[in-house]
Amino acid sequence: MCDDFRRNLPLFPMGTVTQLTELTPRQIRYYEQQGLIHPARTRGKQRLFSFNDVDLLLRIKSLMEKGINIAGVKEVLREQTQALQPEGPPGPVKADLSKAEVYKLMKRQLHELSPRPNQSHLIRGELARFFH
DNA sequence: CTTCTCACA
DNA sequence: TGTGAGTA
């Protein structure tokens, strides 16, 4: 429940997301334009993506790589969104502290690791832990 | 320097 | 989709 809040926190800018997803800014903006993602806009017009946004982008990416076009991706996404809506929460809450730790870790890295050096590997390694 | 929008070879 | 112009 509280985990949801963290997942939706607008944390990373375009540059970070492009490295996390291997997508070009052009594509990411286009997907947003197509209504596939809804990044938060902070002061001005800078996009700030959340973990959910990144996760969504990765799913979109894999779908596109499977030869599915925007229209197709929209359908799949719509189906998955509805398939998750029907009926209440699936029983007991599954609090995962290890994930929370990962979030904090990444948050720190993103905040303190402003330097340009290839931060992609480190972050991607952590990302893989909850994209399993 | 990074990101944004818009338009076009 | 890529890319360059002109901003913020």
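Which atom of DNA strand C is 2.9 Å from an N or O atom in the side chain of Thr-24? A phosphate oxygen. Here is how the rest of the picture looks.

## Ground rules

This is a predicted model, where local features need pLDDT of at least 70 and side-chain atom pairs count only at pLDDT 80 or more, while totals for chains, interfaces and linings use all residues. Residues are numbered from 1 along each chain as its sequence is written, chains are lettered from A and ligands numbered from 1 in the order in which they are written, and side-chain values use heavy atoms, leaving out hydrogens and water.

## The overall fold

Chain A has seven helices and two strands (DSSP runs numbered from the N terminus: H or I of at least four residues for helices, E of at least two for strands). Along the sequence they come in the order α-α-α-β-β-α-α-α-α.

Of the 132 residues in chain A, 34% are buried (under 20% relative accessible area, with a 1.4 Å probe and protein chains only). The chain's accessible surface is about 9,000 Å², and carbon and sulfur atoms own 54% of that (Shrake-Rupley method, 1.4 Å probe). Take the contacts (heavy atoms within 4.5 Å) between residues at least 6 apart in sequence: 62% of them join residues at least 24 apart.

## Meeting the DNA

Five names to look for around DNA strand C are Thr-24, Arg-26, Gln-27, Tyr-31 and Met-64 (near means a heavy atom within 4 Å). Of the DNA strand C atoms that come within 4 Å of the protein, sugar and phosphate make up 35%. Helix α3, residues 25-33, gives the most to this surface, with three residues.

Now for the polar contacts (pairs of N or O atoms within 3.5 Å). Arg-26 goes for a base: an N or O atom in its side chain is 3.0 Å from a base nitrogen of DNA strand C. Gln-27 instead has a polar side-chain atom 3.4 Å from a phosphate oxygen of the strand.

## Inside the core

In soluble globular proteins, nonpolar side chains tend to be buried together. Here the largest nonpolar core (buried Ala, Val, Leu, Ile, Met, Phe, Trp, Tyr and Cys joined through side-chain atoms within 4.5 Å) has 19 residues, and Ile-28, Phe-49, Leu-57 and Ile-60 have the most contacts inside it. Helices α2 (14-21), α3, α4 (51-65) and α5 (70-83) each supply at least two core residues, with α4 giving the largest share, six.

Leu-57 is a good place to zoom in: leaving aside residues up to four places away in sequence, Leu-57 touches Val-17, Thr-21, Leu-23, Ile-28, Tyr-31, Ile-37 and Phe-49. Tyr-31 also turns up around DNA strand C.

Methods: Buried means under 20% relative accessible area, exposed over 50%, partly exposed in between (1.4 Å probe, protein chains only). A polar contact is a pair of N or O atoms within 3.5 Å; within protein, one must be able to donate a hydrogen and the other to accept it, and residues adjacent in sequence count only if both atoms are side-chain atoms.
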